[in-house]
Amino acid sequence: MAMDVIDYEIRGAEMQFVEIELDPGEAAVGEAGSMMFMDAGIAMDTVFGDGSGNQGGLFGKLLGAGKRLVTGESLFTTVYTNNAGGKQRVAFAAPYPGKILPMDLRQLGGTLICQKDAFLCAARGVSLGIAIQQKLGTGFFGGEGFIMQRLDGDGLAFVHAGGTIIKRELQPGQTLLVDTGCVVAYTPSVSFDIQYVGKIRTALFGGEGVFFARLAGPGTVWLQSLPFSRLASRVFAAAPQRGGSREEGSVLGGFGAGGLLGTVLGGDDD
């Protein structure tokens with residue numbers, strides 16, 4: 001199926017959204033729950049599978065849905081089609097602070113490997129699949145597990161990552177060691193493996209984990225400064241725990257009003 005050629009504009013700074021302009025008959029595919037707004041001339045249709053149109057028959061649709069289920073995504077995607085006589089716009093918002101990256105799959109050789117929850121939306125025709133890590137150790141300790149997302153096609157796809165994003169071009173034989181959670185995406189020519197940090201003391205007390213992601217060129221990699229797992233762990237660590245509260249302000253924490261406020265905000269089971 002031929003890819004739709006779409007125009008877009010990424011808006012915002014820390015909390016971004018991408019606004020896509022569709023010509024009559026064009027369509028975009030969005031991850032479930034990512035739509036922010038759309039013009040009235042756009043029809044929204046939830047489909048089984050990845051919505052690429054490359055799935056033939058019931059078996060193909062089941063296979064496409066199964067791939068999405070394995071990567072932890074919904075069985076369904078939503079297709080937004082411009083049924084009006086003029087240009088219409090639809091916008092997709094990022095789920096947490098970070099950046100939205102436009103990926104032209106044609107310029108990337110037709111395929112991009114990315115972390116499981118990175119996909120946000122794409123032009124109709126982009127196929128969403130899975131990429132399985134071939135090495136057992138990489139699957140167990142590589143941060144993202146055995147399964148990553150695989151985007152195929154020659155159109156535009158948009159992925160989201162946390163914090164600030166950097167792009168690195170690796171030359172043949174060039175190696176980059178990265179925190180396993182900071183890998184956003186890479187081209188298939190990049191070799192992805194894991195490497196032990198090397199010292200027991202560093203592994204136990206360094207705070208960076210036991211393994212690094214080892215990326216070897218040639219190819220392109222994208223890295224994020226704030227993995228969602230790191231953000232979630234900090235929020236969980238700072239959240240009030242059952243049986244007590246953990247306030248940032250010493251004044252509120254020391255007075256009865258502060259304790260009462262913490263109880264109200266934290267919930268009361270009695």
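Contact here means heavy atoms within 4.5 Å. The model described is a predicted one.

The protein chain holds six helices and 19 strands. Of its 270 residues, 42% count as buried. Contacts often span long stretches of sequence. Among those between residues at least 6 apart, 75% join residues at least 24 apart. The accessible surface of the protein chain comes to about 14000 Å². Carbon and sulfur atoms account for 58% of that surface.

One sheet is open and built from four strands. Its order is E1-E2-E7-E4, and the pairing is antiparallel. Strand E1 (7–11) and E4 are the edge strands, each pairing on one side only. On average, neighbouring strands of this sheet are turned by 20 degrees against each other, direction ignored. Strands of a sheet pair through backbone hydrogen bonds, either parallel or antiparallel.

Within this sheet, strand E7 (residues 88–93) pairs with strand E2 (residues 17–22) over six antiparallel bridges. Phe17 stands opposite Ala93 of E7. Leu22 has Gln88 of E7 as its bridge partner. E7 is also joined to strand E4 (residues 35–38), by three bridges in the antiparallel sense. Here Met35 faces Phe92 of E7 as its opposite residue.

Ser34 sits in the loop between strand E3 (27–30) and E4. Its relative accessible area is 8%. Buried means under 20%, so Ser34 counts as buried. Neighbours within four places in sequence aside, Ser34 is in contact with Ala91, Phe92, Ala93 and Leu120.

The largest nonpolar core has 18 residues. Leu112, Val126, Leu151, Val159 and Trp222 have the most contacts inside it. Five strands are named as suppliers of at least two core residues each: strand E8 (98–104), strand E9 (111–114), strand E10 (119–123), strand E13 (156–162) and strand E16 (183–186). The largest share, three residues, comes from E13. Apart from this core lies another, of 16 residues. Its members include Ile20, Ala94, Ile100 and Phe158.

Val159 has a long contact list. Leaving aside neighbours within four places in sequence, Val159 touches Lys99, Ile100, Leu101 and Met103, among others. The list also includes Cys114, Ala118, Phe119, Leu120 and Leu151. Leu120 is thus a contact of Val159 and also of Ser34.

Cysteines were examined next. The structure holds zero disulfides. A disulfide is a covalent bond between the sulfur atoms of two cysteines. Cys114, a contact of Val159, is buried, with a relative accessible area of 0%. Cys182 is buried as well, with a value of 10%.

Thr180 lies in the loop between strand E15 (175–179) and E16. Thr180 has 14% relative accessibility; the cut-off for buried is under 20%, so this loop residue counts as buried. Thr180 and Asp193 are 13 residues apart in sequence. Their C-alpha atoms are 9.9 Å apart in space.

Strand E19 (219–224) follows a loop that holds Pro218 and that begins after strand E18 (211–216). A cis peptide bond joins Gly217 and Pro218, with omega about 10 degrees. Most peptide bonds are trans.

Six of the six residues of E19 are buried, so the strand is largely enclosed by the rest of the structure. In a regular strand the side chains alternate between the two faces of the sheet. In E19, Gly219, Val221 and Leu223 point one way. Thr220, Trp222 and Gln224 point the other way. Residues on both sides are buried. Trp222 is also one of the residues with the most contacts inside the largest nonpolar core.

E19 has antiparallel pairings with two strands described here. Strand E14 (residues 165–170) is joined to E19 by six bridges. E16 pairs with E19 over three bridges. Val221 takes part in both pairings. Val221 is the bridge partner of Arg168, and Tyr186 stands opposite Val221. E16 therefore appears in two settings: it pairs with E19, and it supplies at least two residues of the largest core.

Methods:
Residues are numbered from 1 along each chain as its sequence is written. This is a predicted model: local features need pLDDT of at least 70, side-chain atom pairs count only at pLDDT 80 or more; totals for chains, interfaces and linings use all residues. Side-chain values use heavy atoms; hydrogens and water are left out. Two strands pair if DSSP finds at least two bridges between them. Buried means under 20% relative accessible area, exposed over 50%, partly exposed in between (1.4 Å probe, protein chains only). A nonpolar core is a set of buried Ala, Val, Leu, Ile, Met, Phe, Trp, Tyr and Cys residues joined through side-chain atoms within 4.5 Å. Axes are lines fitted to C-alpha atoms, for helices over the stretch in contact, and angles run from 0 to 180 degrees between N-to-C directions. Accessible areas come from the Shrake-Rupley method with a 1.4 Å probe; for residues, only the protein chains shown count as cover. A disulfide is a pair of cysteine sulfur atoms within 2.5 Å.
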